[in-house]
Amino acid sequence: FLLLLGTADRLVYPARSRAFFGRVPSGRKQLLEYDGAYHELHNDIIRDRVCCDICEWLVRRIAEMGGRH
């Protein structure tokens, strides 16, 4: 489970996103916060970093599964 959040999000309060993340029972979870970013991270000025972070997370998850799809 991967949760991405912008700390300046005005639609979904970051504190509530963190609380939700804390309640997710998965042992395989990761929270990535982007300081000063807003709600649509893929449209924000840090979109390249966000896309790289997502790709890196996917590569790790696929490797953990032994390359199985």
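Is E33 buried, exposed or partly exposed? In this predicted model, E33 is partly exposed, because its relative accessible area is 33%, a value that lies between the cut-offs of 20% for buried and 50% for exposed.

## E33 and its partner R18

The place of E33 is strand β2, which covers residues 30-34. When neighbours within four places in sequence are left aside, E33 is in contact with L5, T7, R18 and R49. With one of these, R18, E33 forms a salt bridge in which the closest N and O atoms are 2.9 Å apart, and because E33 lies in strand β2 while R18 lies in helix α1, the pair ties together parts that are 15 residues apart in sequence.

The side chains of E33 and R18 are also joined by a polar contact of 2.9 Å. R18 counts as partly exposed, at 34% relative accessibility. A further distance helps to place E33 in the fold: its C-alpha atom is separated by 13 Å from that of V12, a residue 21 places away along the chain.

## Salt bridges around E64

A search of the whole structure finds three salt bridges, and the one between E33 and R18 has just been described. In another, E64 pairs with R28, and the closest N and O atoms are 4.0 Å apart. This pair links distant parts of the chain, since E64 belongs to helix α2 (residues 47-64) and R28 to the loop between α1 and β2, with their positions 36 residues apart.

E64 also meets R61 in a salt bridge, with a distance of 2.6 Å from N to O. R61 and E64 are three residues apart in helix α2, which means that about one helical turn separates them. Salt bridges that share partners thus join R28, R61 and E64 into one network. E64 is itself partly exposed, with a relative accessible area of 48%.

## A cluster of aromatic rings

A search of the whole structure finds two aromatic pairs. In one of them, the rings of F1 and F20 have centres 6.1 Å apart and planes at 75 degrees, so the pair is edge-to-face. F1 is in the segment before β1 (2-6) and F20 is in helix α1 (residues 14-23), so that this pair links parts of the chain that are 19 residues apart. Both F1, with a relative accessible area of 30%, and F20, at 41% relative accessibility, are partly exposed.

The rings of F1 and F21 have centres 6.2 Å apart, but their planes meet at 20 degrees, and the pair is therefore stacked. Here too F1 in the segment before β1 is tied to helix α1, where F21 lies, across 20 residues of sequence. F21 is buried, with a relative accessible area of 13%. Ring pairs link F1, F20 and F21 into a cluster, and K29 lies over the face of F21, at 4.7 Å from the ring centre.

## D9, a buried acid without a salt bridge

What is the nearest side chain of opposite charge to D9, and how far away is it? D9 is found in the loop between β1 and α1, where it is buried yet has no salt bridge, and the nearest side chain of opposite charge, that of R10, is 7.8 Å away.

Other partners can still be described for D9. A polar atom of its side chain lies 3.1 Å from the backbone nitrogen of V12. Leaving aside neighbours within four places in sequence, D9 is in contact with P14, A37, Y38 and H39.

Methods. Residues are numbered from 1 along each chain as its sequence is written. This is a predicted model: local features need pLDDT of at least 70, side-chain atom pairs count only at pLDDT 80 or more; totals for chains, interfaces and linings use all residues. Side-chain values use heavy atoms; hydrogens and water are left out. Rings of Phe, Tyr and Trp (its six-membered ring) pair if their centres lie within 6.5 Å; planes under 30 degrees apart count as stacked, over 60 as edge-to-face and the rest as tilted. Helices (H or I, at least four residues) and strands (E, at least two) are DSSP runs, numbered from the N terminus. Buried means under 20% relative accessible area, exposed over 50%, partly exposed in between (1.4 Å probe, protein chains only). A charge sits over a ring if NZ of Lys or CZ of Arg is within 6 Å of the ring centre and within 35 degrees of the ring normal. Lys and Arg count as positive and Asp and Glu as negative; His and the chain ends are not counted. A polar contact is a pair of N or O atoms within 3.5 Å; within protein, one must be able to donate a hydrogen and the other to accept it, and residues adjacent in sequence count only if both atoms are side-chain atoms. Contact means heavy atoms within 4.5 Å.
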